[in-house]
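Trainee: Hello! Could you show me how to read a new structure, one feature at a time?

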Amino acid sequence: MLQSVLGRINRLHYILISKVCVHQVHSSSSVCADSCYDGLYPGHIHTTPFQKAMLAVGSGVAALQDPYRHVLGETTGHLALMNIRDKMRNDPEGYTILTERPRIRLSTLDLKEMASLPDGSFGREYLRFLEENLVTPDSRADVKFVDDEELAYVMQRYREVHDLLHTLLGMPTNMLGEVAVKWFEAAQTGLPMCALGAVLGPLRLNARRLQSLFTSLGPWALQNGHRSRCVLTIFYERRWAQSIEDLRKELNIEPPPVILTATNRRNT
């Protein structure tokens, strides 16, 4: 019964997003004669405060089924994104990232070079994470609803760094690993979507994994998220050869108290 209700809510939410996109296309058609897009960034969809509120509510309700909704982060994270952006601006390496705008995609990664790196190097361990968990950086959706070009990049960078955080934190992509990373990200970024994922994610865990989360992984993730250097100020693409232990020390991140494997990544 609950799954059926959530399924209907999910479908209504996608219909709402589609209507916003269609409305944007029609409303901007007269402007297209003078300009290809509104000047913020390619793919941007302008939304009114009311539309943002509706998208946020729809995403929040649908998050009961999927705690990691992309749209929710874009429509509710403005202040948190500004805070992250300011940290990046005030950090030499972070400022370089904002200036050069690197993207983490398969097309930008030299997988052969990363595979040749020694075990324990950050690049080799990241590649191992991708292989063991059967994930790809290309699965990260493009930002559409953030009404600021620079903040849109910050949100995009956050999404593309997510798998790197899994590697740094030693967390696989099963639900327990995802929730632990969300707890870290909630403490680190202040993004409402991370906080919501941290709250709703545990609802999908069984009793044994809940105990592990609340007694060890959760406190570890929150503590490290609060005290570590801003993870978006690291130009990871220039750190592949660095030891993952050294990078953790630089970021002030302790190794996880519990070792999780990727073999049960689909289990809750």
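**Reading the model together**

Mentor: Gladly! Keep in mind from the start that this is a predicted model. Ask about whatever catches your eye.

Trainee: Let me begin with cysteines. How many disulfides does the structure hold?

Mentor: A disulfide is a covalent bond between the sulfur atoms of two cysteines. In this model there are zero disulfides. You can still look at individual cysteines. Cys194 has a relative accessible area of 0%, so it is buried. Cys230 also counts as buried, because its relative accessibility is 12%.

Trainee: Where is Cys230 placed, and which residues is it in contact with, leaving aside its neighbours within four places in sequence?

Mentor: Cys230 sits in the loop between helix 11 (207–227) and helix 12 (244–251). With those sequence neighbours set aside, Cys230 is in contact with Ile84, Lys87, Gln188 and Leu251. Try one further pair: Cys230 and Met88 are 142 residues apart in sequence, yet their C-alpha atoms are 7.9 Å apart in space.

Trainee: Now the helices. At what angle do helix 7 and helix 8 pack?

Mentor: Helix 7 (residues 122–133) packs with helix 8 (residues 149–169) at an angle of about 105°, and their axes are 9 Å apart. Helix 7 is therefore roughly perpendicular to helix 8.

Trainee: Which residues of helix 7 and helix 8 meet?

Mentor: From helix 7 come Phe122, Glu125, Tyr126, Phe129 and Leu130, and they meet Asp163, Leu164, His166, Thr167 and Leu168 of helix 8. Sorted by character, the residues of this contact are six nonpolar, two polar and two charged.

Trainee: Tyr126 is one of the residues you named in helix 7. Which residue is 12 residues apart from Tyr126 in sequence and 8.6 Å apart in space?

Mentor: That is Met114, with the distance taken from C-alpha to C-alpha. Met114 is found in helix 6. Met114 is buried, because its relative accessible area is 2%. Leaving aside neighbours within four places in sequence, Met114 is in contact with Leu109, Gly123, Arg124, Tyr126, Leu127 and Trp240.

Trainee: Next, charged residues. How many salt bridges does the count come to?

Mentor: The general idea is simple: side chains of opposite charge can pair when their charged atoms come close. Here the count comes to 20 salt bridges. Let's look at a few of them.

Trainee: Lys182 and Glu185 form one. Where do they lie, and are they buried or exposed?

Mentor: Both lie in helix 9 (residues 175–189), three residues apart, which is about one turn of the helix. Their closest N and O atoms are 2.9 Å apart. Lys182 and Glu185 are both buried.

Trainee: What about Asp86 and Arg85: how far apart are N and O in their salt bridge?

Mentor: Their side chains meet with N to O at 3.0 Å. The two partners fall into separate classes of accessibility. Asp86 has a relative accessibility of 32%, so it counts as partly exposed. Arg85 counts as buried because its value is 10%, and the cut-off for buried is under 20%.

Trainee: Which residue does Arg229 form a salt bridge with?

Mentor: Its partner is Glu250, and the closest N and O atoms of the pair are 3.2 Å apart. This pair links distant parts of the chain: Arg229 is in the loop between helix 11 and helix 12, Glu250 is in helix 12, and they are 21 residues apart. Arg229 is partly exposed, because its relative accessible area is 23%. Glu250, at 34% relative accessibility, is partly exposed too. Arg229 and Glu250 also belong to a network of salt bridges with Asp91, Glu93 and Arg239.

Trainee: Last, the backbone. What is the phi of Arg101, and what is that of Asn252?

Mentor: Most residues other than glycine have a negative phi. Arg101 is not a glycine, although its phi is positive, about 55°. Arg101 lies in the loop between helix 5 (92–100) and helix 6 (111–116). With a relative accessible area of 26%, Arg101 is partly exposed. Asn252 is another non-glycine residue with a positive phi, near 65°. Asn252 lies in the segment after helix 12, and its relative accessibility of 39% makes it partly exposed.

Notes: Residues are numbered from 1 along each chain as its sequence is written. This is a predicted model: local features need pLDDT of at least 70, side-chain atom pairs count only at pLDDT 80 or more; totals for chains, interfaces and linings use all residues. Side-chain values use heavy atoms; hydrogens and water are left out. A disulfide is a pair of cysteine sulfur atoms within 2.5 Å. Buried means under 20% relative accessible area, exposed over 50%, partly exposed in between (1.4 Å probe, protein chains only). Axes are lines fitted to C-alpha atoms, for helices over the stretch in contact, and angles run from 0 to 180 degrees between N-to-C directions. Helices (H or I, at least four residues) and strands (E, at least two) are DSSP runs, numbered from the N terminus. Angles under 35 degrees count as roughly parallel, over 145 as roughly antiparallel, 65 to 115 as roughly perpendicular and the rest as oblique. Contact means heavy atoms within 4.5 Å. Ala, Val, Leu, Ile, Met, Phe, Trp, Tyr, Cys and Pro count as nonpolar, Asp, Glu, Lys and Arg as charged, and the others, Gly among them, as polar. A salt bridge is a side-chain nitrogen of Lys or Arg within 4 Å of a carboxyl oxygen of Asp or Glu.
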